[in-house]
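Hi everyone, thanks for coming. I'd like to walk you through one model today, so please have a look at the sequence and the structure first.

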Amino acid sequence: MAAGLPEHVQSYASWTPLRAAASPPEGTAQAHRPLRAAYGAAPDGGKLLPLKPGTALVLEEKLDAEGFISRLSTMTRTESGWTYAAFSRRSSSEPFAADASSAECAGCHAKAEPSSAFSGLE
Ligand code: HEC
């Protein structure tokens with residue numbers, strides 16, 4: 001898989017595809033790229049709910065339908081909540097590099113109750 005992504009999300013393309021959010025909140029267009037697909041995996045390979053530490057969710061992002069995957073946003077479950085990180089690249093031949101960390105991730109995702117995930121996890 002693509003260079004520059006953390007080990008635990010390398011195989012995300014084979015994870016469970018998640019149902020897209022019904023009504024994304026305002027600001028999502030700026031926070032995430034227009035073409036997106038979400039995937040999730042539990043550490044034991046089982047169901048995502050109830051959430052367990054080590055569960056990972058990713059959002060694969062493209063600028064348009066012809067485009068390459070230019071960004072991967074990730075949420076990784078800890079004992080007490082989620083760790084957010086995003087990785088981007090400017091061309092398909094480039095490795096991904098971590099974006100500057102953003103406090104906005106958690107702020108917006110907190111609106112998705114109760115799990116902080118907008119996509120369906122069941
Ligand atoms: C303004 C709101 C907003 C901000 C800020 C935001 N997100 Fe999201 N995020 C969303 C929405 C809405 C979705 C669902 C997208 C869809 O269904 O197309 C989503 C989806 C995701 C997903 C897939 C799981 C899920 O919740 O559906 C991940 C992973 C994710 N975002 C990570 C991040 C990271 C990392 C950041 C910060 C770098 C971030 N998000 C910032 C609104 C936001």
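Let's start with the sheet: how many strands does it have, and in what order do they come? The order is S1-S2-S3-S4-S5-S6, so to speak a list you can read straight off the numbering, and it makes an open sheet of 6 strands with antiparallel pairing. S1 and S6 stand at the edges with a single partner strand each, so one side of each has no neighbour in the sheet. Before I go on, please keep in mind that this is a predicted model.

Now the overall layout. The protein has 2 helices and 6 strands, and from the N terminus on the elements run β-α-β-β-β-β-β-α. The C-alpha trace spans about 35 × 30 × 25 Å along its principal axes. For those of you who like a sanity check: a compact globule of 122 residues would have a radius of gyration near 14 Å, and the protein agrees because its own value is 14 Å. Buried residues make up 23% of the 122 residues. If you take the contacts with a separation of 6 or more, 46% of them are between residues 24 or more positions apart.

Let's go through the strand pairs. S1, residues 16–17, pairs with S2, residues 35–41, in the antiparallel sense over 2 bridges. You can find this spot by looking for Pro 17, which stands opposite Tyr 39 in S2. S2 then pairs with S3, residues 56–62, again in the antiparallel sense, over 7 bridges. Here Gly 40 has Leu 57 in S3 as its bridge partner.

Further along, S4 and S5 run antiparallel and are joined by 7 bridges. The connection between S4 and S5 is a hairpin through 4 residues. Within this pair, Arg 77 stands opposite Trp 82 in S5. Finally, S5 and S6 pair in the antiparallel sense over 2 bridges, with Ser 88 opposite Ala 97 in S6.

On to the core. In soluble globular proteins, nonpolar side chains tend to be buried together. Which residues have the most contacts inside the largest nonpolar core here? This core has 18 residues, and the ones with the most contacts inside it are Val 9, Ala 38, Tyr 39, Ala 56, Leu 57, Val 58 and Leu 72. S2, S3, S4 and S5 are the elements that give two or more residues to this core, and the largest share, 4 residues, comes from S3. You have already met Tyr 39 as the residue that Pro 17 stands opposite, and Leu 57 as the bridge partner of Gly 40. As for Val 9, leaving out residues up to four places away in sequence, it touches Ala 56, Val 58, Leu 72 and Thr 74.

I expect many of you will care about the ligand, so what surrounds it? There are 28 residues around the ligand, and the closest are Gly 27, Ala 31, Cys 105, Cys 108 and Ser 119. Helix H1 (28–31), S2, S3, S4 (71–77), S5 (82–88) and helix H2 (104–109) each supply at least two residues of this shell. The largest share, 4 residues, comes from H2. By class, the shell has 18 nonpolar, 8 polar and 2 charged residues.

Last, a few local details in the backbone and the loops. A cis peptide bond joins Leu 49 and Pro 50, with omega about -5°, and Pro 50 is found in the loop between S2 and S3. The peptide bond from Glu 113 to Pro 114 is also cis, with omega near 0°; Pro 114 lies in the segment after H2.

Ser 116 lies in the segment after H2 too. Its phi is near 75°, a positive value in a residue other than glycine. Is Ser 116 buried or partly exposed? Ser 116 counts as partly exposed, because 19 other C-beta atoms lie within 10 Å, and a buried residue needs 20 or more.

Compare Ser 91, in the loop between S5 and S6. Ser 91 counts as exposed because it has 7 C-beta neighbours inside 10 Å. Ser 91 and Gly 67 are 24 residues apart in sequence, with 9.3 Å between their C-alpha atoms.

That's my tour; I'm happy to take questions.

Definitions and conventions. Residues are numbered from 1 along each chain as its sequence is written. This is a predicted model: local features need pLDDT of at least 70, side-chain atom pairs count only at pLDDT 80 or more; totals for chains, interfaces and linings use all residues. Two strands pair if DSSP finds at least two bridges between them. A residue is near a molecule or strand if its C-beta atom, placed from the backbone, lies within 6 Å of it. Ala, Val, Leu, Ile, Met, Phe, Trp, Tyr, Cys and Pro count as nonpolar, Asp, Glu, Lys and Arg as charged, and the others, Gly among them, as polar. A nonpolar core is a set of buried Ala, Val, Leu, Ile, Met, Phe, Trp, Tyr and Cys residues joined through C-beta atoms within 7 Å. A residue is buried if 20 or more other C-beta atoms lie within 10 Å of its own, exposed if 12 or fewer, and partly exposed in between; C-beta atoms are placed from the backbone. Two residues are in contact if their C-beta atoms, placed from the backbone, lie within 7 Å. The radius of gyration is taken over C-alpha atoms; the globule rule is 2.2 Å times the number of residues to the power 0.38.
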